[in-house]
Each structure stands twice: as structure tokens, then as C-alpha cells.
Amino acid sequence: MEGFDVVQLAHAEIYTPDPERTLWFFKELLGLEETAREGQSVYLRAYEDWYHHTLKITEAKEPGLGHIAWRTASPEALERRVKALEATGLGEGWTEGDLGHGPAYRFRTPDGHRMELLFEVEYYEAPPEKRSKLKNRPSKRPLRGVPVRRLDHVNCLCHEVTPNRRFFQEVLGFKLREQKVRGEGEELGAWLSVSPLVHEIGLMRDATGSKGRFHHIAFWYGYPQHLMDLADLCVEYDIRIEAGPGKHGTTQAYFMYVFEPGGTRVELFGDTGYLIFDPTWKTVVWDVTNLNDLEKSTIWFGGQLPDTFYTYGTPPVREKAEV
């Protein structure tokens, strides 16, 4: 593999059964800008996202993950990764693209999460009234809610973490930054990236034993105070806060988790966590059989995570009816 062929989380699509209220949440509370509508889908971006969109919201019967898109470093890098994906048998073929980007190659993870690789993207061009005086900012900071700055990462629930983590490392070239294990052989979580960010994707074991579910999408603030400001608005406007504000030991993330009205968990990332520039970085391993690792990997400070953090994902698990 030639360096990093996959270089960036480009966008994600989520499904919602309540598009009107989901859009209200992302636009009015988180300050995302709508860039387009087509069919049952709406395309949005944060004010420091450079592309046409980083979030696609599509109406559906129940919440869930539509797909996650990754950008490659070049057309040649895209072709190399497509060949690698085809060799796994997990490739699903090319699409002509979508609003905001060119041809994309669709595939699934071993657990079944839908993803795509692309290279050609459309850059956002702000109209005159939304152009920022900061030349390194693609649009003005909005006046709505507590606006997030950019898309940060995604997190997927897995029936088994290990085969999915190996897929990202061996087929797509991700680096394993942190890992949560129990004893010698049980992998509970993995945090991987293709950049100095500590993670662009997290993989967590699904406590329900399900396959292919989505845990959360995360947006970045950069300032912890914004989590306090947003928490105040969430309480005022009846948005459920699942956990936080607090800080994870794993990734050093200053976090808050909420549920948007359609049912998807959203993490608000209050700072950078930490950045990795070491080319020979050694994976940080937390062994939860050790009391310190068990406690501090999950919560460095703040309240404990509820059981729903490990059991709730989208689409929801359907309970079997009693006979």
C-alpha cells in the first residue's frame, strides 16, 4: 500500500423517520447549513466544512445508517483501494456519484455497514452574504443555536470488533490508535484514523449481539464551553442528553451525547482530544480487567455512561414477541 490511500472522512448519510424535526435539530441547534435537496434527502454542512456537504439526511421508516463516505488521496489511490476491496468479496460496485461528488465505489464492512470510496468532490462556494472575512474559513459562523465547526468522526457497532478492525487496517490502510480489550483475546473497541486525528472511526462491540448497527456521528466544536451552552439549549428544547458533558480517557475526548429527534445518537466533540504525529506510534491498549483501565478509559471525569450507551444503536433492535 502506498502511504495513506484513504485520507479523510468525507460525509455520512443517516436515515430518519421524522425529517422535519431532525432537520430542525441539525439546522437550528447545531447551526448546519442546508446546501441542497433532492428526493427524500437533504444535504448539509457545518461552517468550517469545505465540501458541498458532510451530512446527508434521508427520510426512512426507521433511523439508521445510510452510508459513510471516505475520500482517497488521488484517482490512482481510489483504483488501488477498489482492487483491494474487490479481492475481499465485500465490494458492491461503482455508482455515478451523488450531489456534491463524482463516481463512488460502494462496499460493506465485514459486519455489513454500507460505505463508499470517492475522490472527486465539489467544494462549497458561499454566496456573498455568507462569505467569511477569514480566508481560511469557507463561510461565516452562523447565528443559530451553538454551531458546530466540522464533521469529526463516526462510530459503528459490531458483532465482533476484530474482523472489522482488521478490515480497516489491512484493506483500507487505517492506523490503530487506541484499543480496548478484556484479557488476552477479547477486543471490545478500536479507534482508527488515517490522519493526525486520534480517530475518524470508532468500532465498538454491540452488547445486544447484533450486526451492522450505527452508534453515533460526531461534530467538532473545539471549545469545551460550547458543550455547556448546547446542554442548556437541549434541556430547554426537550432534546435528550444521554451522557456528558464529560471526558473519555480513550481518545481524551471532551464529549456530550444527545439523541436527535429521529433517533440517531450524536456526539458533540468539545476539543481536539489529541493529535498523533509520530510515524511509529504504538497503539494505546486499555485492558478492562485492570480496574484503572476499566474506569479511566471510559470516563476520565464526569458522570458514568448509561447502559444504553452499549445497547442502543440504529436501527433499533426488535424484541422477539413472547409466545
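The largest pocket in this predicted model holds about 550 Å³ of space. A second largest pocket offers about 270 Å³, and a search of the whole structure turns up one cavity of 30 Å³ or more. Below you will find these spaces, followed by a look at helix α5 and at two residues, Thr-16 and Phe-301.

**The largest pocket**

- Its lining is made up of 28 residues, and those nearest the centre are Lys-180, Met-204, Thr-298, Phe-309 and Tyr-310.
- Strands β9 (150–158), β10 (175–182), β11 (186–193), β12 (201–205) and β16 (265–269) each bring at least two residues to this lining, as do the helices α5 (291–298) and α6 (308–311).
- The biggest share comes from α5, which gives four residues.
- By chemical character, the lining of the largest pocket splits into 12 nonpolar, 11 polar and five charged residues.

**The second largest pocket**

- About 270 Å³ of space lies in this pocket, and 15 residues line it, with Gln-8, Leu-9, Asp-49, Arg-150 and Leu-151 closest to its centre.
- Two elements, β1 (6–16) and β9, give two or more residues to the lining of the second largest pocket.
- Of these, β1 gives the most, with four residues.
- Seven nonpolar, three polar and five charged residues make up the lining of the second largest pocket.
- Strand β9 is thus worth a look in both places: it supplies at least two residues to the lining of the largest pocket and two or more to that of the second largest.

**The cavity**

- The largest cavity contains about 50 Å³ of space.
- Lining this cavity are Ala-10, His-11, Tyr-51, His-52, His-53, Gly-100, His-101, Leu-118, Val-121 and Glu-122.
- In the cavity lining, four residues count as nonpolar, five as polar and one as charged.

**Helix α5**

- Asp-293, Ser-297 and Thr-298 are buried in α5. They share one side of α5 because they cover an arc of only 100° around the axis.
- As background, an α-helix has 3.6 residues a turn, so residues three or four places apart point the same way.
- The buried residues of α5 pack against β10, β14 (241–247), β17 (284–287) and α6.
- Thr-298, one of the buried residues of α5, is also among the residues nearest the centre of the largest pocket.
- At the start of α5, a side-chain oxygen of Asn-290 comes to within 2.9 Å of the backbone nitrogen of Asn-292.

**Thr-16 in β1**

- Thr-16 belongs to strand β1, and its relative accessible area is 0%, so Thr-16 counts as buried.
- A polar contact of 2.7 Å joins the side chains of Thr-16 and Thr-22.
- Leaving aside residues up to four places away in sequence, Thr-16 touches Thr-22, Ile-57, Thr-58, Glu-59, Ala-60 and Gly-262.

**Phe-301 after α5**

- Phe-301 sits in the loop between α5 and α6.
- Its relative accessibility is 39%, so Phe-301 counts as partly exposed.
- Phe-301 and Gly-249 are 52 residues apart along the chain, and 8.3 Å separates their C-alpha atoms.
- Phe-301 is in contact with Gly-246, Lys-247 and Tyr-254, not counting residues up to four places away in sequence.

How values were computed: Residues are numbered from 1 along each chain as its sequence is written. This is a predicted model: local features need pLDDT of at least 70, side-chain atom pairs count only at pLDDT 80 or more; totals for chains, interfaces and linings use all residues. Side-chain values use heavy atoms; hydrogens and water are left out. On a 1 Å grid over the protein atoms alone, a cavity is a set of points where a 1.4 Å probe fits but cannot get out, and a pocket is an open set with protein on both sides within 12 Å along at least five of seven lines; lining residues have an atom within 4 Å of a point. Grid points are joined across faces, edges and corners, and a volume is the space filled by probe spheres set on the points. Ala, Val, Leu, Ile, Met, Phe, Trp, Tyr, Cys and Pro count as nonpolar, Asp, Glu, Lys and Arg as charged, and the others, Gly among them, as polar. Buried means under 20% relative accessible area, exposed over 50%, partly exposed in between (1.4 Å probe, protein chains only). The arc is that of the directions from the helix axis to the C-beta atoms. Contact means heavy atoms within 4.5 Å. A polar contact is a pair of N or O atoms within 3.5 Å; within protein, one must be able to donate a hydrogen and the other to accept it, and residues adjacent in sequence count only if both atoms are side-chain atoms.
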